[in-house]
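Biologist: I would like to learn how to read a few features of a model. Please take them one at a time.

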Amino acid sequence: MIRIAIIGGGISGLSAAFEVEQRRQAAGDVEYVLYESSSRLGGVLRTESINGCVVEAGPDSFVTEKPWAADLCRVIGLGDQLIVSNDADRKTYILTRGHLVEMPDGLMFMVPTKILPTGLSPLFSWKTKLRMAQELFHPPRAVNHDESVADFVERHYGREMVDRLADPLLSGVYGGESANLSVRAVLQRFAEMERTHGSLGRAMLVARRKMSSGPRKSAPSLFTSLKNGMQSLAEAIVSRLNPASLVTNCVVNSIRPEASGWLVSTTGQAEHFDAVIVAIPGAAAASVLREASAGLSTELEAIQYSSSITVVMGYDLEVRQSLPPGFGFLVPRSEGKRLLAATFVHNKFPHRAPEDRALLRCFFAGSNAENVWDLSEQQIVHIVREELRQILGPQIGGLRDEPLFARVYKWKSAMAQYGVGHLDRLDRIENLRKQIPGLALAGNAYRGIGVPDCVRSGREAAKQLLA
């Protein structure tokens with residue numbers, strides 16, 4: 001009988017446990033224990049129902065293009081609960097010199113693929129538009145070193161593109177700044193486009209021509225979620241696990257390799273296992289692995305994390321009817337606000353709010369989150385309300401009134417930051433891990449921070465050990 005310890009009960013650890021449980025039921029040759037330090041399983045997947053609204057404390061959806069989360073939902077019986085974003089009404093605004101400006105049609109992240117909408121957009125100066133035209137003639141470029149996203153984007157389109165688009169877009173995903181994020185880890189496809197085509201715009205146009213020449217397919221919605229909220233994914237996985245294998249409110253202090261396996265030490269006791277999956281953030285993983293490998297611990301500890309705060313507020317029909325159409329807006333740091341983004345959830349996922357309710361999710365991250373972290377929830381809500389009024393304007397009269405409800409969710413050091421050189425660090429981590437039999441790593445510290453990436457990471461870690 002193989003015994004596996006799984007450290008961490010977030011979505012990565014739960015996905016690993018599900019994979020092991022499948023093997024246990026099929027072959028009966030494995031057992032496991034999942035350790036979670038808090039009182040609940042699911043990590044940042046947390047959903048509340050408030051005044052008829054589905055309120056997400058953590059991620060509200062996942063990218064449809066990455067299949068692993070949706071595939072798992074279908075396997076565990078949630079296929080009929082999958083919902084997609086209302087892309088027919090998808091618009092995103094950028095706060096530019098105090099005004100909301102719609103992102104032009106055909107903009108793929110920051111790469112223009114339609115000349116007219118971009119040329120006519122007030123989002124960019126004529127200098128940046130000229131840079132876009134010149135970028136089409138960039139020759140292929142083999143870069144043998146990593147660089148920041150900011151440097152990469154500035155080289156192609158200039159500083160204004162970094163400020164207006166690259167930085168706010170990545171703040172919404174990673175909670176970090178483009179100057180600190182690795183282009184090879186975060187925008188790997190764009191780095192490859194530069195190598196093969198030189199021009200990102202030209203590479204995108206070639207890709208679009210190939211797609212248009214094939215069988216016509218309707219484009220899938222950008223985002224996918226679950227009807228009753230993201231927490232239902234964690235709950236459905238837990239319902240399929242062996243209850244006797246789940247241990248909450250239990251801190252793992254260290255894991256130490258022995259001649260015949262691993263010794264997992266918690267407060268007051270130690271248990272022997274044949275293998276271990278460590279599915280916790282980098283710094284926590286570094287701590288529990290320090291006795292096993294000082295070198296691996298050092299590399300894991302070097303992975304930086306960013307904190308975030310999500311504020312969700314409900315308003316009445318007056319506010320809903322007054323808000324601009326679309327999914328919401330992004331705020332460049334140069335605008336001097338503390339808010340980084342806001343989502344109009346009732347537009348993005350109409351299933352999440354009654355027809356007479358407006359549901360807004362507002363976002364702080366990185367240094368913006370740290371600057372308000374110690375304030376009370378009432379003070380944070382006040383900042384959000386004040387900045388929403390400044391950004392959306394006096395025409396949204398209902399924003400002057402108290403919201404029907406407000407919730408503040410803080411996530412300390414929850415978002416991994418893939419700094420310059422991240423992929424080289426992952427190679428070193430993998431080489432060190434291979435020297436330690438029976439150890440697998442999972443989580444958002446490695447090759448993707450979204451829910452699908454974490455699901456894939458957890459299941460692959462379990463398969464690696466079961467093989």
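Biologist: At what angle do helix 4 and helix 5 pack?

Modeller: Two packed helices are described by the angle between their axes and the distance between the axes. Here helix 4 (residues 126-135) and helix 5 (residues 149-157) make an angle of about 85 degrees, with axes 8 Å apart. They are therefore roughly perpendicular (65 to 115 degrees; under 35 is roughly parallel, over 145 roughly antiparallel, the rest oblique). Axes are lines fitted to C-alpha atoms over the stretch in contact, and angles run from 0 to 180 degrees between N-to-C directions. Helices (H or I, at least four residues) and strands (E, at least two) are DSSP runs, numbered from the N terminus.

Biologist: Which residues of helix 4 and helix 5 make the contact?

Modeller: Thr128, Arg131, Met132 and Glu135 of helix 4 meet Glu154, Arg155, His156 and Tyr157 of helix 5, where contact means heavy atoms within 4.5 Å. The model is predicted: local features need pLDDT of at least 70, side-chain atom pairs count only at pLDDT 80 or more, and totals for chains, interfaces and linings use all residues. Residues are numbered from 1 along each chain as its sequence is written, and side-chain values use heavy atoms, leaving out hydrogens and water.

Biologist: What is the sign of phi in asparagine 51?

Modeller: Most residues other than glycine have a negative phi. Asparagine 51 has a positive phi, near 50 degrees, and sits in the loop between strand 3 (47-50) and strand 4 (53-56). Its relative accessibility is 43%, so asparagine 51 counts as partly exposed (between buried, under 20%, and exposed, over 50%, with a 1.4 Å probe and protein chains only).
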